[in-house]
Amino acid sequence: MAEQDKPETGKPEPEATGDFESSEAPAREDGEIETLRQAVETERARADENWDKLLRTQAEMDNLRKRTERELENAHKYALERFAGELLAVRDSLEMGIQAAGDAEAQQLKEGSELTLKLLTQVMEKFGIQAVDPAGEKFDPERHQAMSMQESAEVPPNTVVAVMQKGYMLNDRLLRPAMVMVSKAPADS
């Protein structure tokens with residue numbers, strides 16, 4: 001039968017199989033693109049959130065650095081504030097003693113000086129400053145500075161026989177060594 005002899009049904013004849021599949025492909029690509037677009041938006045939002053966190057962290061670190069510098073500067077400036085405040089009473093006592101010296105006798109001046117020294121000692125002890133007065137003790141190079149040696153048969157060698165200047169400890173740390181004279185065995189022994 002010839003082509004012209006086929007009855008017409010009104011429906012178009014399906015075309016080749018390859019054309020049918022290509023009509024679904026754009027729909028699938030649109031879905032994948034939408035999925036990728038959503039993924040990109042999600043990642044962009046996360047990146048923005050992380051960027052904000054970074055900026056906040058940098059601001060906090062900057063504030064922390066400034067606060068630490070300010071506190072360190074204040075610590076250096078005012079470390080001795082309490083000690084200096086306590087020393088003012090000693091200075092006041094010395095000034096009053098000097099003002100009263102015109103009319104005072106030697107004994108009164110001595111008593112005033114002793115009271116001022118006692119007050120100064122109390123202030124120093126309050127802040128952990130202790131005198132090192134090693135007379136009669138064994139020489140300790142960690143706490144004493146030997147100024148000279150003296151022969152002595154009365155005490156063992158390396159004993160402090162005289163203290164020329166007291167030393168001081170600040171909370172068990174040496175502030176100033178005591179300057180001392182140390183014994184040594186007599187030459188004829």
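Ser152 is buried, with a relative accessible area of 16%, where buried means under 20% relative accessible area, exposed over 50% and partly exposed in between, using a 1.4 Å probe and protein chains only. This is a predicted model, in which local features need pLDDT of at least 70 and side-chain atom pairs count only at pLDDT 80 or more, while totals for chains, interfaces and linings use all residues. Residues are numbered from 1 along each chain as its sequence is written, and side-chain values use heavy atoms, with hydrogens and water left out.

The loop that holds Ser152 runs between strand S2 (144-151) and strand S3 (160-165); helices (H or I, at least four residues) and strands (E, at least two) are DSSP runs, numbered from the N terminus. Not counting residues up to four places away in sequence, Ser152 touches Ser183, Lys184, Ala185 and Pro186, a contact being heavy atoms within 4.5 Å. A polar atom of the Ser152 side chain also lies 3.3 Å from the backbone nitrogen of Glu154.

Strands S2 and S3 belong to an open sheet of 3 strands with the order S2-S6-S3 and mixed pairing, and they are its edge strands, each pairing on one side only. Neighbouring strands of this sheet are turned by 25° against each other on average, direction ignored, with axes taken as lines fitted to C-alpha atoms (for helices over the stretch in contact) and angles running from 0 to 180 degrees between N-to-C directions. Two strands pair if DSSP finds at least two bridges between them, and the table sets out two such pairs.

| Strand pair | Sense | Bridges | One bridge or facing pair |
|---|---|---|---|
| S2 and S6 | parallel | 7 bridges | Ala146 and Val180 |
| S4 and S5 | antiparallel | 3 bridges | Tyr168 and Arg176 |

Strands S4 (residues 167-170) and S5 (residues 173-176) form a hairpin with 2 residues between them, and Asn171 in the turn has a positive phi of about 50°.

Elsewhere, Ser93 lies in helix H2, and its side chain makes a polar contact with the side chain of Thr116 at 2.8 Å. A polar contact is a pair of N or O atoms within 3.5 Å; within protein, one must be able to donate a hydrogen and the other to accept it, and residues adjacent in sequence count only if both atoms are side-chain atoms.

As for confidence, the protein chain averages a pLDDT of 86, and 87% of the residues score at least 70, on a scale from 0 to 100 for the predictor's confidence in each residue. Over residues 1-7 pLDDT stays under 50.
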